[in-house]
Structures are given as structure tokens and as C-alpha cells.
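Biologist: Please put the model on the screen. I will ask, and you explain your terms as we go.

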Amino acid sequence: MATVLVVGGAGYIGAHCCLDLAGKGHVPVVYDNLSSGHETFVQWGPLEIGDLHDRDRLRDVIARHRPEAIIHFAALSEVGVSLLDPLAFYDNNVGGTISLLSAATEAGIDKLVFSSTCATYGVPETSPMAEDHRQAPINPYGHGKLMVETILADLDRLRGFRSAVLRYFNAAGADEDGRIGEWHEPETHAIPIAIEAAMGRRAGFTVNGTDYDTRDGTCVRDFVHVMDLADAHTRALEHLLGGGASAAVNLGTGTGTSLNELLAVVRAVSGRDFPVSFGPRRAGDAPSLVADNRKARALLGWAPGRSLEDIVASAWRWHSGRNAG
Ligand SMILES: NC(=O)c1ccc[n+]([C@@H]2O[C@H](COP(=O)([O-])OP(=O)(O)OC[C@H]3O[C@@H](n4cnc5c(N)ncnc54)[C@H](O)[C@@H]3O)[C@@H](O)[C@H]2O)c1
Ligand SMILES: O=c1ccn([C@@H]2O[C@H](COP(=O)(O)OP(=O)(O)O[C@H]3O[C@H](CO)[C@H](O)[C@H](O)[C@H]3O)[C@@H](O)[C@H]2O)c(=O)[nH]1
């Protein structure tokens, strides 16, 4: 049982991870500036409000809670925005992470689980992609995440600082009990937008691009349930706590879903139809991102247990609850 500093733990994936950690006996201490996170999502341990760049505040929080390890989710995460304001992304995601790593190493913490992304691969040369796929990001968001991966590799080599780099594919879905879910403002992600369209809260869904070299011309993504992702984080933490070596692993299901296929599942699960229009490509989008997840299965004993239908059903439940509230 460990006390863990969960940086960015008031956000979507971080909060689901706290739920999983607490269920397995760990104590998640959330550190978050609430820039995109929600105070109401912090339900499984204390909340310390603070920014990645505030090294004094980080030192103080670490000294008081004495975490054994850190799980680091805090970042700006919209690919499209990273093309409009790259400096803000590098400042928060790279500069902020350097600040966090400095405070951690000063305090003697030498274990970290990091939220990386399939966006570090860029356009796939093979599909599915394994961890040794060439990393050539096509947007500043992916470049910044790869820079942090490089820093972590150097820290391992030069300082014995161990890390688990988790390259998520598309996180989706929600806590099955409906307590927390995907809540970004503004929302840009495909599944919550499709659900809001099915609920009649949006005029409809616009598919970004129909001329990709994929089976139906729309982008293909590997949607992985956020509670399966959360389980993988706890496993990665326990791997490091148990003396395991640094590793980078993909977290995805291994199954690609095109946007047209996704919309069909949303219609089937919700029992509702909604208007769909077809627009131009969104800048920075890779055509197809599908994980080869064999390494996560072998190293962490992880297996994503939930289907796309489970993802959509849990997301539907969360969005219905928000409506009721
Ligand atoms: N959502 C996905 O599909 C996906 C895919 C791949 C990788 N990721 C990565 O996973 C992580 C979590 O993503 P999410 O969807 O939960 O995003 P989110 O925006 O919901 O959560 C990010 C959290 O970090 C906090 N934060 C941001 N900057 C901070 C700072 N400077 N100081 C303190 N706190 C700060 C925010 O307030 C928020 O609570 C991110 O690093 C993201 O890049 C997400
Ligand atoms: O209204 C919409 C919303 C999205 N899409 C499309 O749906 C696909 C998935 O888009 P999301 O925004 O849901 O997810 P991304 O694949 O862009 O982003 C996810 O994967 C990225 C890596 O590429 C980052 O890691 C990011 O943090 C994470 O949310 C993309 O082709 C996007 O253009 C639409 O067609 N219409």
C-alpha cells in the first residue's frame, strides 16, 4: 500500500486512476491547478491545489505527504490547440514536467508513471504499432510528450530514476457507477460529442475528413476504456514499487474503429439516431492509430476487459447523470 502523488488527478483519466488506486488500497494525493480538472472529481484522497511550475508548493506537498512515487497526468492535451499555441504546450508539458522532476528528485523520489501518447509515433508505418515503432510526432503535443520520454530515459541512465511511460491510445468511457466521467471544456473528443449529439444537446456530429487511406475513408482510432487504463496505471506503479525496471508500454485494445463504425455503435447503444455531416480533415490528425498491446500484457499482466459497447454505455450513463444534475 503506497501513498502516491497523482499530478493532474482532478482531470479525466487521473480521477479514474485515483478511483482504481484507492480500490486497491493505495492513497492517492492529488496535486492539480484545476485548469481543466474538477474539484468534485477528487473523491478518493486529499486535494492539494498547485501548479507544476510552482516548485516551492511541490516541495511543501511532497514533504507533508511523503509519497513513494508519482503518477503524472498534468498536461494540456488537445492536439489541435497545440498547433495554434505550441509555446504554451512546451511550457506546460515539458517545462512543467522538468519542474516536477526537479522537486521529486530533490526529495529522493525515484519512481514515476508518465502519461504519454500514441501521438509520439506520428503517422504509422505499420498497424498495429508496437513500442519500437519509429517515433516521429506530427504535432507539438506529440513532440512535447516525446521530449519528456527522452528526459525520463536520461534520468534512468544517469540517476537511476525509474519510470513507466504509458502511451495511451484513445481514452474513453467512464466509471461504471457514474460518479466521474469525461468532462473537458470545451469538449473536442469524438465519443462525448457523439453522445451529446444523440442526446440532442448538439445539432449533430461532424466527421473530420472522409478521404483518409482507411477502410471507409474516416480516421481509425483504438478506443480504450478509461477504467482499463486506470488498472494499467496501478499495475505500472506496482511494477516500479516492486523494483521493476523502466519501460514504455502501449495501452490500447489492439482493435481499430473507424469514425463511421463508432457512430453506428453510439446509435445502437443509445437507440437514437442523430444528424451526421462530413467536413474537412482536422489539422494534426493521424489517419489510423491502433496499438500492439502485447508488451503491456506480458510486463504488467494487463488485459483491456471492456468493449466499445461498454465504453459507450458507461459514457452515456455519465452524460445522463450530468443532465439530471
Ligand atoms: N484523453 C486521452 O485520450 C489521452 C490520450 C493520450 C494521452 N493523454 C494524456 O493523459 C493525461 C490526462 O489527460 P486527460 O484527458 O485526463 O486530461 P485532463 O485535461 O482532463 O486532465 C489534465 C489535468 O492536469 C491538470 N493540469 C494541467 N496543467 C497543469 C499544471 N500546470 N499544474 C497542475 N495541474 C495541471 C488539469 O487541471 C487537469 O486536471 C494528459 O497528460 C494527456 O496528454 C490523454
Ligand atoms: O467532432 C468530432 C470530434 C473528433 N473527430 C475525429 O475523431 C477522431 C478522434 O478524435 P479525438 O479528439 O476524440 O481524439 P484524438 O485521437 O485526436 O486525441 C487523442 O489521442 C491523441 C493522440 O493522437 C492525444 O493523445 C489526445 O490527448 C487524445 O485525446 C479524430 O480523427 C477526430 O478528427 C470528429 O471527426 N469529429
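Modeller: Two terms come up at once. Helices (H or I, at least four residues) and strands (E, at least two) are DSSP runs, numbered from the N terminus. Two strands pair if DSSP finds at least two bridges between them. This is a predicted model, in which local features need pLDDT of at least 70, side-chain atom pairs count only at pLDDT 80 or more, and totals for chains, interfaces and linings use all residues. Residues are numbered from 1 along each chain as its sequence is written, while chains are lettered from A and ligands numbered from 1 in the order in which they are written.

Biologist: Which residue stands opposite arginine 221 in strand 14?

Modeller: Strand 9 covers residues 220-221 and pairs with strand 14 in the parallel sense, over two bridges. The residue opposite arginine 221 is leucine 289.

Biologist: Which strands stand at the edges of that sheet?

Modeller: The sheet is open and has three strands, with mixed pairing and the order 12-9-14. Two of its strands have a single partner each, so one side of each has no neighbour in the sheet. They are strand 12 (257-258) and strand 14 (288-289).

Biologist: How many Å separate the centres of domain 1 and domain 2?

Modeller: Domain bounds come from an automatic or database domain assignment. That assignment gives domain 1 as 3-172 + 223-251 and domain 2 as 190-221 + 254-320. Taken over C-alpha atoms, their centres are separated by 24 Å.

Biologist: Which element gives the most to the side of domain 1 that touches domain 2?

Modeller: Contact between two residues means that their C-beta atoms, placed from the backbone, lie within 7 Å. The contact takes 31 residues from domain 1 and 28 residues from domain 2. On the domain 1 side, the elements that give two or more residues include helix 3 (79-84), strand 7 (170-172) and strand 11 (247-251). With seven residues, the most comes from helix 7.

Biologist: Why does ligand 2 lie between domain 1 and domain 2?

Modeller: A residue belongs to a ligand's surroundings if its C-beta atom, placed from the backbone, lies within 6 Å of it. By that rule 20 residues surround ligand 2, with Thr117, Ala119, Ala190, Asn208 and Cys219 the closest. Ligand 2 lies between the domains because its shell takes residues from both domain 1 and domain 2.

Biologist: Which element gives the most to the shell around ligand 2?

Modeller: Helix 6 (190-198) and strand 8 (205-208) each supply at least two residues of this shell. The most, four residues, comes from strand 8.

Biologist: How many polar residues has the shell around ligand 1?

Modeller: Ligand 1 is surrounded by 26 residues, and Gly8, Gly11, Tyr12, Gly37 and Ala75 are the closest. Ala, Val, Leu, Ile, Met, Phe, Trp, Tyr, Cys and Pro count as nonpolar, Asp, Glu, Lys and Arg as charged, and the others, Gly among them, as polar. The shell around ligand 1 has ten nonpolar and two charged residues, and its polar residues number 14.

Biologist: From which helix comes the largest share of the nonpolar core?

Modeller: A residue is buried if 20 or more other C-beta atoms lie within 10 Å of its own, exposed if 12 or fewer, and partly exposed in between, with C-beta atoms placed from the backbone. A nonpolar core is a set of buried Ala, Val, Leu, Ile, Met, Phe, Trp, Tyr and Cys residues joined through C-beta atoms within 7 Å. The largest one has 93 residues, and Val6 and Leu229 are among those that touch the most other members. Its largest share, eight residues, comes from helix 7.

Biologist: Arginine 66 and leucine 34: which counts as exposed, and which as partly exposed?

Modeller: Most residues other than glycine have a negative phi. Arginine 66 has a positive phi near 50°, and leucine 34 has one of about 60°. Leucine 34 has 16 other C-beta atoms within 10 Å, so it is partly exposed. With 12 C-beta neighbours inside 10 Å, the exposed residue is arginine 66.

Biologist: What is omega for the cis peptide bond that joins glutamate 185 and proline 186?

Modeller: Most peptide bonds are trans. The bond from serine 127 to proline 128 is cis, with omega near 0°. Proline 186 lies in the loop between strand 7 and helix 6. A cis bond joins glutamate 185 to proline 186, and its omega is about -5°.
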